[in-house]
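Colleague: Can you walk me through how the labels on this model were earned? I'd like the reasoning, not just the names.

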Amino acid sequence: MKKEIPLAITFISGVLLVLALFIPHKPFGNLEEIFNDWYIIVSGFTFLLGIDSLLGYNFGKLKRKEKDAPYALVLILSFFITLTWGIVEIVRTPEHNPFGPTSTFSLYFYNSIFIPLQATMFAILSFFIASAAYRAFRAKEINSALLLVSAVLVMLGRIPLGQSAAPYVITVIFLIFAVYFFAESAGVTEPKIKIAYILVALIFVALIYPLGFVYFRQHIPEFADWIMNVPQMAGKRGIMIGIALGGIAMSIRIILGIERTYMK
Amino acid sequence: MKLIFLLLLGQITPIVVKAVDTPYDAGGSITVTWELDSTWLGKIGRIEIYRYSSAGVSDSLVETLYKPDTIYVDNATEDNIPYFYGVVVYADGEIFGEGRTTEPAVSSQQWFNRKRLSVLIILLVYTIFLMYFIMRARFDKNLFIRKIAGLEAIDEAVGRSTEMGRPILYVMGLGYISDIPTVASLAILKRVAFKAAEYNAQVIVPCFDPIVMVAAQETVREGFIEAGRPDLYNESDIYYLTSDQFGYAAGVDGIMVRQKPGAVFLQGYFFAEALILAETGHSIGAIQISGTTAVTQLPFFIASTDYTLIGEEMYAASAYLSRDPLSLGTIKGEDYIKMILAIIILLGALMETFSIGNHILRDFFSIF
């Protein structure tokens, strides 16, 4: 019964919520709302479990005098100061919500500590994007090279001076490709392939003016939009369709009790 | 009375107003529409919508619109009561046009949302396919599923981390237990815990949500029990950190930098903190296996981690790892449906491009 009852509850809830998607009539129509309310009530109580776990873990660190015990002490002190101050504010000014924007301490705490800390973490993201992009865009193979070229074109299309800079950037990129193919041709012994490599190098050189100085100088923002709206979007939608189908399959496995990892 | 007088004098333009029960809803709603002449658009200052519970009673203002809309949905009606509506258009502070419904509108609940008929049909077909493959899996135990590199690498990551004498960090992201990626992540966690127990390694799971924490504790415990090492299970290694996005990112980053895990698993639903976590993991030299269904975060994971489970691969993880024939059957059914959908999409693109079939496929799949 320890397994059967939770499985039955899962099955009935799952089927009811699927029906609710198609039946707007009450009681089906507002089932999702009711279930969400229940979830919020239950999850509200589980925060006690969370607090218990958090404090237990950090008190344990203090007791064992671990290397990072000072951080645990900061956390415990911050927790109890915030809690005590909140209770004091409730008692002193019961008309004020201690966690609302009118409370002096909460407001000070929120604006002076919480927001700057959040902003700091978010700001770090820009540096991480640069380091991740550096690794992703290293043109070690044809796929990475294509990624690099697309990224450069999209960036040129989105920045203020992109249109003016586009011809010169394209010239550099195409010259790099031309030199690469020309250098590769030196190591090829088969005459036909050698000619093909040299031809590709010449095509890159020939395309510098019409593509870089004529087309991209005028149309780089539109081209960047095209990359984002057509090839990028096509790939993204493919992944999204897969995710949707996978999600339905997973839900059916959960409803039917095939997937039971979430329960004991 | 003044309005009627001005209307009779011909100084106010009459407007045609219609009100109907909002279709396919749970009742309590009437949709009011009216027509505006295109020459008025630049002049309109505001539009007032009035409701009358019966033809002769005094009006009550229900909404004032400050842009030239031609539709208003009144969501404050009582079912089975007839309502009349009036629309007054103002330009330069003066009444410019006015109209009233001639027929009463009555709101009611509907038993079937016909806008979602296509969803129902697709869902039924999909479920039938899945059921067929689940049944087939009972007899055919050798269903072929392609190799998923990210899942194959789990054992390697846990083994490497153990050899280095470092713990394993498992991050479940910002998802709640009601999110499917979180449930899928639990399946992967079970495998990681199983392997960690076999190798006598420590698994650290800092959680964003207390319910997820409890589920993760149970999952890790099960993994250790299945590996025959329940004595190694330490509940305090799976703990609640915070429910704040960047607080969580800072906390997990701190764990990475201080405890230097040998393997980092980023499995679940992630938002902007994804790259912060993945890059910190990379900086400490840990082998990283990521997986998410958040399409916007996938490129970051692909760039920063060693292996990535892309979208549906994450959902397939539990079936793939458990090799349970019934679960594998659903993966097989999913693949077939994907193939059929690809054909339909191609067909639809061709039909729309060459104007064949009077938009039949486009209309069928348009649910909004």
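Colleague: What is B:Leu189 in contact with, leaving aside its neighbours within four places in sequence?

Modeller: This is a predicted model, by the way. B:Leu189 touches B:Tyr170, B:Met172, B:Val203, B:Val205, B:Ala216, B:Thr219 and B:Val220.

Colleague: Which residues touch the most other members of the largest nonpolar core?

Modeller: B:Leu189 is one of them, along with B:Leu151, B:Ile154, B:Tyr170, B:Ile188, B:Val205 and B:Phe265. That core has 56 residues. Helix α4 of chain B, residues 180-199, is its top contributor, with nine residues. There's also a second, separate core of 29 residues, with B:Leu241, B:Val252, B:Ile276 and B:Ala278 among them.

Colleague: What makes the meeting of B:Asp74 and B:Arg51 a salt bridge?

Modeller: The N to O distance is 2.7 Å, and the cut-off is within 4 Å, so the pair qualifies. B:Asp74 sits in strand β6 (residues 71-74) and B:Arg51 in strand β4 (residues 44-52), both of chain B, so the bridge links parts of the chain 23 residues apart.

Colleague: Why does B:Asp74 count as buried?

Modeller: Its relative accessibility is 2%, and buried means under 20%, so B:Asp74 passes. B:Arg51 has 18%, so that one counts as buried too.

Colleague: How do you know that B:Glu98 and B:Arg100 meet in a salt bridge?

Modeller: Their N to O distance is 3.9 Å. With the limit at 4 Å, the pair counts.

Colleague: And why is B:Arg100 called partly exposed?

Modeller: B:Arg100 has 42% relative accessibility, and the partly exposed class runs between the 20% and 50% limits, so that's where B:Arg100 lands. Its partner B:Glu98 has 10%, so B:Glu98 is buried.

Colleague: What makes B:Asp231 exposed?

Modeller: A relative accessible area of 57%; exposed means over 50%, so the label follows. B:Arg229, its salt-bridge partner at 3.4 Å, N to O, is partly exposed because its area is 30%.

Colleague: Which residues are joined into one network by salt bridges that share partners?

Modeller: B:Asp155, B:Arg191, B:Lys195 and B:Glu198. Over all chains, the search of the whole structure finds 20 salt bridges.

Colleague: How far apart do the C-alpha centres of domain 1 and domain 3 of chain B lie?

Modeller: They are 57 Å apart. The domain assignment puts domain 1 at 2-100 and domain 3 at 149-323, while domain 2 comes in two segments, 114-140 + 326-365.

Notes: Residues numbered from 1 in each chain as written. Chains lettered and ligands numbered in written order. Predicted model: local features only at pLDDT ≥ 70, side-chain atom pairs only at ≥ 80, totals over all residues. Heavy atoms only, no water. Core = buried A, V, L, I, M, F, W, Y, C linked by side-chain atoms within 4.5 Å. Buried < 20%, exposed > 50% of the residue type's maximum accessible area, 1.4 Å probe, protein only. Helix = DSSP H or I, 4+ residues; strand = E, 2+ residues; numbered from the N terminus. Contact = heavy atoms within 4.5 Å. Domains from an automatic or database assignment. Salt bridge = Lys/Arg side-chain N within 4 Å of Asp/Glu carboxyl O.
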